[in-house]
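Biologist: Could you take me through this structure slowly, and show how each descriptive word is earned?

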Amino acid sequence: MAESSVQPSENPFESATSQPSPRSLPSDQPLARPPQPESTHSSLEISAVQPSSSRQPQLTYAGGSAAGSSSDEISSSDDRKVVKKKYEGKKKSFGERYDLAEYQIEQLSEHDDINIVKSWHRKLILIHPFFIAWVFMTYAAYYGYRIWCNYQFRLKFGGLADASWTFIAVEGVCMFPYMTWMTVLLLSIGDRKRPQLRLRGEHTPTVDVLFTSCGEPVNMILNTIRAACNIDFPTDRYRIIVCDDAADTALEEALQPLILQYPWLHYQARVKLPGVPHHFKAGNLQSGIDFAVNLPGGPAEYLATLDADMIPNPEWLRALLPHLLRDPQLALISPPQTFWNVPADDPLCQSICEFIHYLEVRKDYIGAAWCTGSGVVFKRFVIDNMGGWPTPSMAEDQLLSSMMNGEGYSTAYLHEFMQVGMVPESIISHLKQRTRWAVGTLETAAVLNWGFPGKYTKKMTFPQRWCIFTFALNTLMTIPVFIAFFIIPTLLYWGRDLMVYTSLSQFRWQLRLCAIWVWSLRINELILTIPSGYIQGQRSAMAWQFMIPYLAITILRCYILPKWLGGKEIAFLASGSIRDRLKERYAEKRAGLGLRLKLIGIHCRIWFFVIFVAFTFGAAGLDWYRAWKVGHDTGDINQALRHLLVNSMLPPMWWLFLGIAYLVPITYVFFPPTVPELEQMMNFDPKTGAGQPKHQEIRQVWGVLPLVREIIWGLTLVYCTVLFVGTFIY
């Protein structure tokens, strides 16, 4: 996770000596860096090595396969062949480079995610674009026919049918972000086959690992460093550079024994002059890149990043480097970020399963994968040629990978578990993290001209441009969507029909097309969420809805409103003391309900959600009362049913799903999730002292609200089926 995602006061690794450090505002100018010697890059101009088509582990060189060589010893272990090469020749120093032909790359599988994605999931993913296209067609038919009926109503009866027109516009605004996400997936049609590779032996490229910290708990940092110092990689071919942006003397002192134990470990803390832009994490990373130049042996061929909480898998570098070695056009490759402290009932959807298991996998297929911040490995000469790590955005990782795309390079995503970290353990920290991501996305889009042709996008492909535009536009769309969410229940209070028609035939066909579209939406949601985790898919939909107010207000205050109307400068905000008092996720330590109501209620504005839920369900209740009154006054139940069908019971009952989603922050205050203590989640190596999480991902369970939502979805589909059939009978 990004540096700000793990806070000192809420971590089981907590050290009493660590304190958060303030950081300065970003600048629009890139951080200057000294020129690098060209000799450090020459060995990276390589030709691609084609993967073997066999599904058996295969050792390859620049000249081809070596599996059948007489000098190889083949042994069997766990039903897997492993090739062991007898090496000859002198080992090279850190400043010397191996030829490409000396690297030995083993292909373990045709798919990197062979242990994550089931075979039938792959087939589901392949047919998904057809269902996306079907959703587009069904919604276009329904939406277009609604507009035509409104127009016919105006011609026949006069007037504007203003409530109906307003509802059509509001529904279009709500559906727009969803449809643009689907276009990204449509652009990635095809079978992604990134192989699972391993770099074997002692002949490896050199790597400088930039380990970033900024006031996190010292004990947590030390644990991650111990794990990083004990990965399966030649110790004379990689270095770990601790980039301490807090200049924490306690951390520096605690690292001294480890520096003596692990000579490839280095510590540095840049000097931050008052009044000079420091560029947050991007500036910290660049300071590490510059620091490596003066180390013995000079800079490494490759750079890698690790966040303070992200514990690397022992095979981390051996798994990612082969992809960069094989492909001269590949500049960067990222592994997913998974988290050991996500609650089993994850109400805030912090595990971001749809992103790491679906969206980013599809973006990898079109060469537009993001730098995900930690665990990333990339070619140093590329970033040197770019003038250093780009600094004008708080989403420094996203900007880096996009600018690499603009230079004509592809960026990749390795769908293997190669690191495990921590999510923010407080709803306050979580909201600050997500709103920072939103602001960073818009900052990145501004630098990249929103994906349109410009200085940093000259060599981008259309899918790469579209990803930039879509993510930024949908971030900006949170403002009109937020307004639309308010308008939906307001229209029910207004009491005018949301669907109009001039004949029963028009009425029936609108209901039929609506039912088909809702069924299509649900089927598409199933296909989208099953490969990435169905339960989390339902939570993701709810999280997107209840996060809209936070994101919209942040964008408004940072980019639109003047200071006298609540506008603010873009900056990080500290809230460690509040989190320290809450400790809401530890059963024996969490603050009482009164304190949670006070602190979370104020800082997360829970009062707004209480008002919105009451407002929404009140609107539906009023509409049902009106329907009862119509039936009572006319003595005709059909008139009462007609009133409901064109108002609160018009599928998919937006007000109902919004009301359920907006209950999430409210219930969080009263029933926060519980996370097990550190000792229950970690296995500690007695030799190294490093703790490795027992689980790469926490198995999710149904919570009350997601289960309620699921039941309502099922009833909605039954309801739509009855409506569809009923229009042919009545």
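**How the words are earned**

Modeller: This is a predicted model, and a good place to start is strand S5 (residues 104-109), which pairs with strand S6 in the antiparallel sense over five bridges. One of these contacts joins Ser109 to its bridge partner in S6, Gln196.

Biologist: What makes S5 and S6 a pair?

Modeller: Two strands pair if at least two bridges are found between them, and S5 and S6 have five bridges, so by that cut-off they count as a pair.

Biologist: How do you know whether S6 is mostly covered or not?

Modeller: A residue is called buried when its relative accessible area is under 20%, and in S6 (residues 196-200) five of the five residues are buried. Both faces are covered, with Gln196, Arg198 and Arg200 on one side and Leu197 and Leu199 on the other.

Biologist: Why is strand S7 said to be largely enclosed by the rest of the structure?

Modeller: Strand S7 (residues 207-213) has seven of its seven residues buried, so the rest of the structure largely encloses this strand. Val207, Val209, Phe211 and Ser213 point one way, Asp208, Leu210 and Thr212 point the other way, and all of them are buried.

Biologist: Which strands does S7 pair with, and in which sense?

Modeller: S7 pairs with strand S8 (residues 238-244) in the parallel sense over seven bridges, and Val207 stands opposite Tyr238 in S8. Between these two strands the chain passes from S7 through helix H3 (residues 218-229) to S8, a β-α-β crossover that is right-handed. S7 is also joined to strand S10 (residues 302-307) by six bridges, again running parallel, and here Leu210 stands opposite Thr305 in S10.

Biologist: What makes S9 and S15 the edges of their sheet?

Modeller: The open sheet has seven strands in the order S9-S8-S7-S10-S14-S12-S15, with mixed pairing. Strand S9 (265-268) and strand S15 (410-413) each have a single partner strand, so one side of each is left without a neighbour in the sheet. Neighbouring strands of this sheet are turned by 20° against each other on average, direction ignored.

Biologist: Which helix lies across S12, S14 and S15, and is that helix buried or exposed?

Modeller: Helix H9 (residues 396-406) lies across strand S12 (330-334), strand S14 (377-379) and S15, and H9 runs at about 135° to S15. H9 is mostly covered, since eleven of its eleven residues are buried, which means that each is under 20% relative accessible area. Among the buried residues of H9 are Leu399, Leu400, Met403 and Met404. Just after H9, Gly408 takes a positive phi of about 100°.

Biologist: What makes S11 and S13 edge strands in the sheet of three?

Modeller: The order in that open sheet is S11-S16-S13, with mixed pairing, and strand S11 (311-312) and strand S13 (338-339) each pair on one side only. S13 and strand S16 (residues 419-421) pair in the parallel sense over two bridges, and because at least two are needed, they count as a pair. Phe339 stands opposite Gly421 in S16.

Biologist: Why is H12 called roughly parallel to H17?

Modeller: Helix H12 (residues 478-494) packs against H17 at an angle of about 30°, with their axes 7 Å apart. An angle under 35 degrees counts as roughly parallel, so that is the description H12 and H17 receive. Their crossing is left-handed, and the residues that meet include Phe482, Phe485 and Phe486 in H12 and Phe608, Phe612 and Phe615 in H17.

Biologist: How do you know that H17 and H18 are roughly antiparallel to each other?

Modeller: Helix H17 (residues 606-634) and helix H18 (residues 637-645) pack at an angle of about 155°, and their axes are 7 Å apart. Angles over 145 degrees count as roughly antiparallel, and H17 and H18 are therefore described in that way. The crossing of H17 and H18 is right-handed, and among the residues that meet are Asp623, Trp624 and Arg626 in H17 and Gln639, Ala640 and His643 in H18.

Notes
Residues numbered from 1 in each chain as written. Predicted model: local features only at pLDDT ≥ 70, side-chain atom pairs only at ≥ 80, totals over all residues. Heavy atoms only, no water. Buried < 20%, exposed > 50% of the residue type's maximum accessible area, 1.4 Å probe, protein only. Helix = DSSP H or I, 4+ residues; strand = E, 2+ residues; numbered from the N terminus. Right-handed = clockwise from strand over helix to strand, strands pointing away. Axes fitted to C-alpha atoms, helices over the stretch in contact; angles between N-to-C directions. Parallel < 35°, antiparallel > 145°, perpendicular 65-115°, else oblique. Left-handed = near helix turned anticlockwise from the far one by under 90°. Contact = heavy atoms within 4.5 Å.
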